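Please open the model in your viewer and keep the sequence panel visible. The tour proceeds by selections, each followed by a description of what is found there.

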Amino acid sequence: MTTDLLEIQPRELKFTFELKKQSSCAIQLSNNSNHYVAFKVKTTSPKKYCVRPNTGIIKPKATCDFTVTMQAQSIAPPDLQCKDKFLIQSTVVHAGTTQEDITSKLFSKDCEKYIEEKKLRVVLMSPPSSPVLVPKNGESKQDPSYETSVQKDKVPSGVENIPPPHKAVKDFEGFEPTKDQDELRAANDMKPCLTTEDVEEAELTKDGLFLNLTKDFKELTSKLNIVDSKLKEAELTIMKLTEEKSKNTQGKEMLKHELEILKRKNGMRNVQVGFPLLYVFMVALIGLVAGYLIHP
């Protein structure tokens with residue numbers, strides 16, 4: 001596209017850094033097109049910042065504000081140098097698109113639609129110095145030199161002076177090339193910024209998942225114990241059946257041996273009780289001869 005979908009003001013996120021205190025910064029998005037534009041805010045440090053809202057839909061030629069809150073920090077970065085970055089993605093959507101339709105898939109680069117991306121860097125500022133009280137006529141009054149310094153830092157309309165843009169350019173030029181490459185890699189791997197509600201929901205979801213996993217683990221453990229006991233019972237049954245089979249086999253062998261012994265004994269008896277046929281004929285012949293001789 002020839003023109004930008006969104007105009008971002010300001011182009012830097014400026015936070016007044018104080019230890020153990022939150023700091024907020026407002027950003028305004030202006031839709032320069034004649035279409036509905038959906039946007040999504042991402043950051044390299046999602047646990048450090050809270051964005052509300054982090055997604056939204058802007059009507060044609062309309063504006064939308066979102067607030068970025070930096071969580072309270074316990075350690076100050078060296079020289080208040082911060083490498084955190086924000087990425088604002090935007091794309092054209094249909095007029096009927098709702099907030100629920102804004103998902104990560106909507107801003108996927110795999111689609112053929114145009115995805116506009118703009119990066120914002122984070123600038124940390126020291127808190128304004130407190131006014132110096134000078135005793136005068138027994139009363140503490142503000143030091144005139146402090147009032148003069150404050151007036152120099154303000155324009156006649158009462159709005160604080162903003163450093164000239166060339167200063168920001170110099171700040172960017174001060175980075176080393178390797179650090180810029182690392183930051184670009186981090187910016188390409190940015191994650192969506194989570195709000196406090198999202199974090200609470202994520203923690204509740206995490207706790208619920210943990211409870212479900214614990215229950216599932218206990219159920220699986222009980223089922224495994226039941227299966228283990230059944231396997232032991234099956235092993236005992238198999239051992240008993242094996243012993244019975246071996247006993248049956250031994251019984252069969254003994255029965256066979258006894259049958260063979262009985263068969264041998266019956267054979268011997270048959271031999272002792274019976275008479276050969278020739279022996280019978282000889283006895284009959286002798287009887288006939290003797291009878292003939294006795295009775296001529």
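In this tour, buried means under 20% relative accessible area, exposed means over 50%, and partly exposed lies in between, computed with a 1.4 Å probe on protein chains only. The model is predicted, so local features need pLDDT of at least 70, side-chain atom pairs count only at pLDDT 80 or more, and totals for chains, interfaces and linings use all residues. Residues are numbered from 1 along each chain as its sequence is written, and side-chain values use heavy atoms, with hydrogens and water left out.

**First stop: two lysines in loops**

Select Lys61, which is placed in the loop between β6 and β7. Helices (H or I, at least four residues) and strands (E, at least two) are DSSP runs, numbered from the N terminus. Is Lys61 buried or exposed? Lys61 counts as exposed, at 57% relative accessibility. Its phi is near 60°, a positive value in a residue other than glycine.

Next, select Lys20 in the loop between β2 and β3 (23-31). Lys20 has a positive phi of about 60° although it is not a glycine, and it is exposed, with a relative accessible area of 67%. As background, most residues other than glycine have a negative phi, and most peptide bonds are trans.

**Second stop: two cis peptide bonds**

Move to Pro10, in the loop between β1 and β2 (12-16). The peptide bond leading from Gln9 to Pro10 is cis, and its omega is near -10°. Then select Pro53, in the loop between β5 and β6 (55-58). Here the bond from Arg52 to Pro53 is cis, with omega near -15°.

**Third stop: an open sheet**

Select β1, β3, β7 and β5: these four strands form an open sheet in that order, with antiparallel pairing. Two strands pair if DSSP finds at least two bridges between them. Which strands lie at the edges? They are β1 (6-9) and β5 (49-52), each of which pairs on one side only. Within this sheet, four bridges join β5 to β7 (residues 63-70), and Arg52 stands opposite Thr67 in β7.

**Final stop: strand β8 and its partners**

Select β8 (residues 85-93), a mostly covered strand in which eight of the nine residues are buried. Add β4 (residues 36-43), which runs antiparallel to β8 and is joined to it by eight bridges; Lys40 stands opposite Gln89 in β8. Finally, add β9 (residues 116-125), which pairs with β8 in the antiparallel sense over six bridges. In β9, Glu116 is the bridge partner of Ser90.
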